[in-house]
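Hello,

Here is the structure I promised to pass on to you. Please open it and keep it beside you while you read my notes below.

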Amino acid sequence: MFVACSGAQALEGPGGPLQLNDFPGASIESRAQTDERDYMVALGNYRKVRGLWRVEELRTSGELTRTTYRLPDNHSAREGFDFFARQLAQYPLRELYVCQSRDCGESNSWANNHFNVYQLYGLDQYQYYGAYELSLPEETVYVTLYAVLRGNKRVYVQLEVLSSDGAETGSADRPLE
């Protein structure tokens, strides 16, 4: 379970917590915790095929915490991405998919099709995405991280942490409507 605690988020698990500090000075635009029955971890970038957006994906379920940060002025999307990626690297993890810049496809796809957070629509050349699987004692956690610079020079970071209940429905390349 995620709880906010003095600049840090803690995911309490049987084998100990996953601690992630908030970006210093960042404002939290939104933070929500839900029980997610069909969470999609994108394992590639979005592409349009016959008018439908497609992405390779892993579907799972569990307790999800979504946080949207707006970084202080004069910080880059890369700094925001690296700040959280360094914290994650302290845990036993498997990198599922990572991309940057135009290799991630269109920022519009991530903002509108994946996260449904309009603030994440930014400049394609200044975006970073990472999907990770963390193996904590008696628990698997999926972390999705996306950072982008908008045209108005604001930087946003989306951090999603799902404490999986173990019900994976597999991966596939499916269309999104």
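**Aromatic rings and one asparagine**

Y97, W110, F115, Y129 and Y146 are joined into a cluster by ring pairs. Please keep in mind that this is a predicted model.

Across the whole structure, a search turns up nine aromatic pairs. One of them is the tilted pair of Y69 and F84, with 5.2 Å from centre to centre and 35° between the planes. Y69 belongs to strand β6 (residues 52-70) and F84 to helix α1 (residues 77-88), so this pair ties together parts that lie 15 residues apart in sequence. Are these two rings buried or exposed? Y69 is buried, at 0% relative accessible area, and F84 is buried at 0% too.

Another pair to look up is F81 with Y128: the ring centres are 6.0 Å apart and the planes meet at 35°, so this pair counts as tilted. It links distant parts of the chain, since F81 sits in helix α1 and Y128 in strand β8 (residues 127-136), 47 residues apart. F81 and Y128 are both buried.

Now for the asparagine. N108 is part of helix α2 (residues 107-115). Its relative accessibility is 24%, so N108 counts as partly exposed; the range for that label runs from 20% to 50%. Which residues does N108 touch, leaving aside those up to four places away in sequence? The answer is N113 and Y121. You can also find G122, which is 14 residues from N108 along the chain, with 7.2 Å between the two C-alpha atoms.

Enjoy exploring, and write back with any questions!

Best wishes

Terms used:
Residues numbered from 1 in each chain as written. Predicted model: local features only at pLDDT ≥ 70, side-chain atom pairs only at ≥ 80, totals over all residues. Heavy atoms only, no water. Helix = DSSP H or I, 4+ residues; strand = E, 2+ residues; numbered from the N terminus. Buried < 20%, exposed > 50% of the residue type's maximum accessible area, 1.4 Å probe, protein only. Contact = heavy atoms within 4.5 Å. Phe/Tyr/Trp six-rings, centres within 6.5 Å; stacked < 30°, edge-to-face > 60°.
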